[in-house]
Amino acid sequence: PSTTLFRSYGVYCGKGHPLVRRRKITASALEDHAFVAPEVSAPDAWPPNQQRRIGARVSSLQLAMDLVWSGQMLAFLPDITPRIDRWKRPLYRLPVDCEATRTVYIATRQAVGEHARTNAFVATLKAKAALVERKARRSN
């Protein structure tokens, strides 16, 4: 059996970025600002039909977050990322229409014995994903 969850993405910046207080931003306006992105070999959820200027490619999420918090760069992140407790500094989701969703798959195998823990785990993941999606929609 498998379950599919959807993860939404958005453009995020730190409080020092010039776009942080803008109420409306077009996708073309983003072309003037640098993004931090994963290494070329890593998966990237950026919509292929949209342009962006990459200012840095990094292999570390911590380094990417530091560049975003500094106000130097934008990042295209899963909406759950700013809600991770270990990030103590705020990120701001920009009101721009270049969102994408990625499908996250959960595959389980039929085990001999009790399925209750696996089912509870999958149910918890679904509930958390739904909660994050609702919070992300409300924050826009």
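In β4, Ala75 is the bridge partner of Val36. The strands involved, β2 (residues 34-38) and β4, run parallel and are joined by two bridges. Please keep in mind that this is a predicted model. β4 is a handy thread to follow here: the strand is mostly covered, with five of its five residues buried, and Phe76, in strand β4, pairs with Tyr9 in strand β1.

**Aromatic rings**

- The structure holds three aromatic pairs.
- In one of them, the rings of Tyr9 and Phe76 have centres 5.4 Å apart and planes at 20°, so this pair counts as stacked.
- Because Tyr9 sits in strand β1 and Phe76 in strand β4, the pair ties together parts that are 67 residues apart in sequence.
- Are these two partners buried or exposed? Tyr9 counts as buried, at 10% relative accessibility, and Phe76 counts as buried too, at 8%; the cut-off for buried is under 20% relative accessible area.
- Phe76 also pairs with Trp46: here the ring centres are 4.9 Å apart and the planes lie at 80°, so the arrangement is edge-to-face.
- That pair links distant parts of the chain, with Trp46 in the loop between β2 and β3 (53-58) and Phe76 in strand β4, 30 residues apart.
- Trp46 is buried, and its relative accessible area is 9%.
- Taken together, ring pairs join Tyr9, Phe35, Trp46 and Phe76 into a cluster.
- Phe35 has a charged neighbour as well: the charged end of Arg52 sits over the ring of Phe35, 5.8 Å from the ring centre.

**Nonpolar cores**

- Which residues touch the most other members of the largest nonpolar core? They are Val11, Ile25, Leu30, Leu74 and Leu94, out of the 15 residues in this core.
- Two elements, β1 (2-13) and β4 (74-78), give two or more residues to the core.
- β1 provides the largest share, with three residues.
- Another core lies apart from this one; it has 14 residues, including Val36, Val58, Trp69 and Leu77.
- As background, nonpolar side chains tend to be buried together in soluble globular proteins.

**A buried acid after β4**

- Asp79 is found in the loop between β4 and β5 (92-93).
- How buried is this residue, and what is its relative accessible area? Asp79 has a relative accessible area of 2%, so the residue counts as buried.
- Which side chains make polar contacts with the side chain of Asp79? One partner is the side chain of Tyr12, at 2.6 Å.
- Another is the side chain of Arg93, joined to that of Asp79 by a polar contact of 2.7 Å.

**Helix α1 and its ends**

- Helix α1 spans residues 61-69, and its buried residues are Ala64, Met65, Leu67, Val68 and Trp69.
- An α-helix has 3.6 residues a turn, so residues three or four places apart point the same way.
- Trp69 also appears among the members of the 14-residue core.
- Which residue caps the N-terminal end of α1? Ser60 does, with a side-chain oxygen 3.2 Å from the backbone nitrogen of Gln62.
- After α1 comes Gly71, whose phi is positive, near 90°.

Conventions
Residues numbered from 1 in each chain as written. Predicted model: local features only at pLDDT ≥ 70, side-chain atom pairs only at ≥ 80, totals over all residues. Heavy atoms only, no water. Core = buried A, V, L, I, M, F, W, Y, C linked by side-chain atoms within 4.5 Å. Buried < 20%, exposed > 50% of the residue type's maximum accessible area, 1.4 Å probe, protein only. Helix = DSSP H or I, 4+ residues; strand = E, 2+ residues; numbered from the N terminus. Polar contact = N/O pair within 3.5 Å; in protein donor to acceptor, adjacent residues only side chain to side chain. Pairing = 2+ DSSP bridges. Phe/Tyr/Trp six-rings, centres within 6.5 Å; stacked < 30°, edge-to-face > 60°. Lys NZ or Arg CZ within 6 Å of the ring centre and 35° of its normal.
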